[in-house]
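Here are my notes for anyone opening this one for the first time. Have the structure on screen and go through the points in turn.

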Amino acid sequence: MLRKLLLTAALLLSFATLSDARQRVEGGDLTLWYKAPATNWNEALPIGNGRLGAMIFGNADDELLQLNENTLYSGDPESRWNGVDITETYPEMVALLEKGSYMEAAELLKQWTGRLHECYQPLGDWHIHDYRGGKAKAYRRYLDIANSITTVQYERDDYKFRREIFASHPDGVIVMRLTTDCPVGWDIGISLSSPHPVKVGIDSRKGILSLSGQAPGRVDRRNYSDFEAWGHEARHPYIFNADGSRSGKPRVLYGEDIDNRGMFFEGRLEVRVANKKAVTDMGDRLRIRGEKEILLIFSAATSYNGPFKNPATEGKDAVKLAEDALKRIRTKSYESLKADHIADYKALFDRMTLSLPQDKEAELLPTDLRIRRYAQQFRTTGAPTDQQLVTLLFQYGRYLMISGSREGGQPLNLQGIWNEKIIPSWNCGYTANINIEMNYWPSEVANLSECHKPFLEMIKECAETGRTTARDMYHRRGWVGHHNCSIWRETGPNDGGAATVFWPMMGAWFSTHLWEHYAYTGDKEYLAKEAYPVMKGASEFFLDWLIRDKEGYWITPVSTSPENLFLVPGTNEACGVSQGSTGDMSMIRELFNRTAEAAEIAGVDAPFADTLRRRVAEMLPFRVGAFGRLQEWNKDFMDQDIHHRHITHLVSLYPFGQITPQSPELFAAARKTLEIRGDEATGWSSGWKINLWARLLDGERAYKLIGTLLRPVDFGGEGERSTGGGVYMNLFDAHPPFQIDGNFGMTAGVCEMMMQSHEGKIRLMPAMPAAWREGSVTGLKARGGYTIDMSWKDGRITALKIHSATGKRCEVVSTWQLPEGDYFE
């Protein structure tokens, strides 16, 4: 079989060597691989165990692993600044909006903005220098996402050198094994460094490197001039004096500059070799000579002790945690570490498989060339032949989910758990107006429900801090949050423009994830004890927040449609502030309906549930405006940018199920909205649009958006993109810059194309493109506790099994021909 495949490869690719083909076959269908090391961060390959993350560059002479630990943030609980009180300005604000004085309202709303949340931090860098150097031949680097193993291999002087790396969740460490058949073995230096001030320790006798440091007590992404323009000097007492003058301190504050605030962190790198005398202290590194096999194990920890305790004064012992992680596995062999890692990973990853039509020629190409080939075919013919690249990108989303979000840890932020910058884009935090929700869209449907739990825990923590914000800022019941937060669970508004930062809808959208976890798992105890109290608190706030408009409908009194602007009637001025935006009303409608349903299932609060249902019946309904579009605001305003990346008014279509084919006028209006918005978008917006077109039952348009997402960004080729949405060489989603939500949006979108379950029934093959004429999927999850395995070919579902966790059956529909017989089990 191998010989036949190699011969076929030689015929198909005259430019590929037999060695290339053999190595590609060994890599497997679910492997990213390259013939050169990464030249920048967006080419490096990610690994993670749900807490520790690394970006592996793969250089033969000077290997670099950029390291993260997902609790390492700047700041502390004091970062939760809640200095806004809307009481005095609220009546004026509502009056301005009711009479259409939108620009004046937007100016007044600046008084309702707050302070930016804290930043996710890099931990450090792990360096490996090869003292021998020389030209590396037959170079390859791989990321096998079927087993979560990264490999770097090359030859020098006809000898083979290999590094195998993985991040183990069960053992909480990053493991690297270096092997060679060179008679004199390796000659390498290993060292640790950090962009933060650190102390590096070296113990050659024990073979230990240590990295000890403290994260910044405050990081400000804004400039001095921004704060001065907004009049926010008093909100930043460490960089401004009491009289409002500049203190001269930098935007990144360490140690004494900020009263010694900041989280402690510790990294430990242990060397295991047969001959301990092979390890020597070189002052700034350990040198290892003469060993054919070297085992390196990295552990790290921080003093983070939850969002309500100061990590500098009430934190955990980071040093002890990092030491203990290594002690627990000191007698464990490499084979055992690897076997336990793979077993743990595959218990999640192997729950779901997807097979689409293959292109043998494409599968023999390195991943970067494969992406280029797909994009070239998409650009010239609109019909790429490499559908297994779609499968690879789909499963890559699941790989990133497992690698970055594990039970008991932190949720995935804008970059998952991977970040190299002290001041990262958008603080590398949790953006609540789409991005963190999109991160978790595939968690249930793609059979990774446990990976959803870090986000569900974060929602409960935000509900706790959000009660303070609801009380002190709004003087209302329940809890509220705005459009951004960090590990410290800030729920007040950020600073900046009103259309971006004033968006008090966190509680509504977050709460729908609590419901979705129940909808897929059927866990009534979870719903009653954990989800419902949080949902009720969010509902209480919005019951108090809504007001009647002049038509008698309940609306939000001050509203934005995230980051989008409308043209004020009769002017050319653009504004983002109005009342009762469609996105607001959709989220509150979903929240109220699901909370009422949860109360009924739990057998509690019947009067409260009735209040919610009555309020929904009297809320501002959907409206169809000019050009047949679904209105985005309560008035039929014109967009400043008709192609804007945000499409918040269509949450009613996806992820919610409020607009379906059963409401044809709204269904058509949603379609018209998407047609006018267009297909050109940032990476994450393309991921959202895949799902939206799938809900509109248009498989060809959804498939086109996958092609849009698979455009190469920063590959450096002539005529290729350096801006605009697409993917980087390592398949990370490009906003640009990198935002991981686009990867997860794509994975969720492919599931929606194959199956939908939001209408109280299972709809199979609702949005299948012609390019996916045959294939199979196993482990696809539907609401109600159903798991679906099916195969298809040319308009027929050739095999179908539906496992019901509850023993119940449901209606199954499809425009494709269903197999005969009983497919429930």
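## A walk through the model

1. Start with a pair of residues: T151 sits across from E164 of strand 8. Keep in mind that this is a predicted model. The two strands to look at here are strand 7 (residues 149-156) and strand 8 (residues 159-168), which are antiparallel and share seven bridges. As background, strands of a sheet pair through backbone hydrogen bonds, either parallel or antiparallel.

2. Now zoom out to the sheet. It is an open one with nine strands, and reading across gives the order 1-6-7-8-9-18-15-12-11, with antiparallel pairing. Which strands stand at the edges? They are strand 1 (31-34) and strand 11 (198-203); each has a single partner strand, so one side of each has no neighbour in the sheet. On average, neighbouring strands here are turned by 15° against each other, if direction is ignored.

3. Strand 15 (residues 264-272) deserves a stop. Is strand 15 largely enclosed or largely open? Eight of its nine residues are buried, so the rest of the structure largely encloses strand 15. With strand 12 (residues 208-214) it pairs in the antiparallel sense through seven bridges, and Q214 is found opposite F264 of strand 15. Strand 15 is also joined to strand 18 by eight bridges, again antiparallel. There, V271 has L296 of strand 18 as its bridge partner.

4. A small side trip takes us to K346, which belongs to helix 7 (residues 334-349). K346 is partly exposed, its relative accessible area being 25%. Which residue lies 200 residues from K346 in sequence but 7.4 Å from it in space? That is A146, with the distance taken from C-alpha to C-alpha.

5. Next, helix 15 (residues 506-521). From first C-alpha to last, its 16 residues reach 23 Å, close to the 22 Å expected at 1.5 Å a residue. Most of helix 15 is covered, with 15 of the 16 residues buried. Look just past its end and you will find G522, whose phi is positive, at about 70°.

6. Helix 15 turns up again in the largest pocket, which has a volume of about 820 Å³. The lining counts 40 residues, and W515, A519, Y520, R783 and G784 are the ones nearest the centre. Which helix supplies the largest share of this lining? Helix 15 does, with nine residues. Helix 12 (441-445) and helix 17 (582-602) also each supply at least two residues. Sorted by class, the lining of the largest pocket has 15 nonpolar, 13 polar and 12 charged residues.

7. The second largest pocket holds about 700 Å³ of space. It is lined by 33 residues, with R51, T71, K316, G408 and G409 nearest its centre. Strand 18 (293-302), which we met beside strand 15, supplies at least two lining residues here, as do helix 6 (318-328) and helix 13 (449-474). Helix 13 gives the most, five residues. The class split of this lining is 10 nonpolar, 12 polar and 11 charged.

8. There is another open sheet to find, this one with three strands in the order 25-24-26 and antiparallel pairing. Strand 25 (574-575) and strand 26 (638-639) are its edges; each has a single partner strand, so one side of each is left without a neighbour in the sheet. Strand 24 (residues 566-567) and strand 26 run antiparallel and are joined by two bridges. Through one of them, L567 has M638 of strand 26 as its partner.

9. Last come the cavities. How many are there of 30 Å³ or more? The count is five. The largest cavity has a volume of about 110 Å³ and a lining of 15 residues, of which R629, L630, Q631, E632 and D639 lie nearest its centre. Helix 19 (residues 664-677) provides the largest share of that lining, three residues. By class, the lining of the largest cavity has five nonpolar, four polar and six charged residues.

Conventions: Residues are numbered from 1 along each chain as its sequence is written. This is a predicted model: local features need pLDDT of at least 70, side-chain atom pairs count only at pLDDT 80 or more; totals for chains, interfaces and linings use all residues. Side-chain values use heavy atoms; hydrogens and water are left out. Helices (H or I, at least four residues) and strands (E, at least two) are DSSP runs, numbered from the N terminus. The expected span of a helix is 1.5 Å times one less than its number of residues. Buried means under 20% relative accessible area, exposed over 50%, partly exposed in between (1.4 Å probe, protein chains only). Two strands pair if DSSP finds at least two bridges between them. On a 1 Å grid over the protein atoms alone, a cavity is a set of points where a 1.4 Å probe fits but cannot get out, and a pocket is an open set with protein on both sides within 12 Å along at least five of seven lines; lining residues have an atom within 4 Å of a point. Grid points are joined across faces, edges and corners, and a volume is the space filled by probe spheres set on the points. Ala, Val, Leu, Ile, Met, Phe, Trp, Tyr, Cys and Pro count as nonpolar, Asp, Glu, Lys and Arg as charged, and the others, Gly among them, as polar. Axes are lines fitted to C-alpha atoms, for helices over the stretch in contact, and angles run from 0 to 180 degrees between N-to-C directions.
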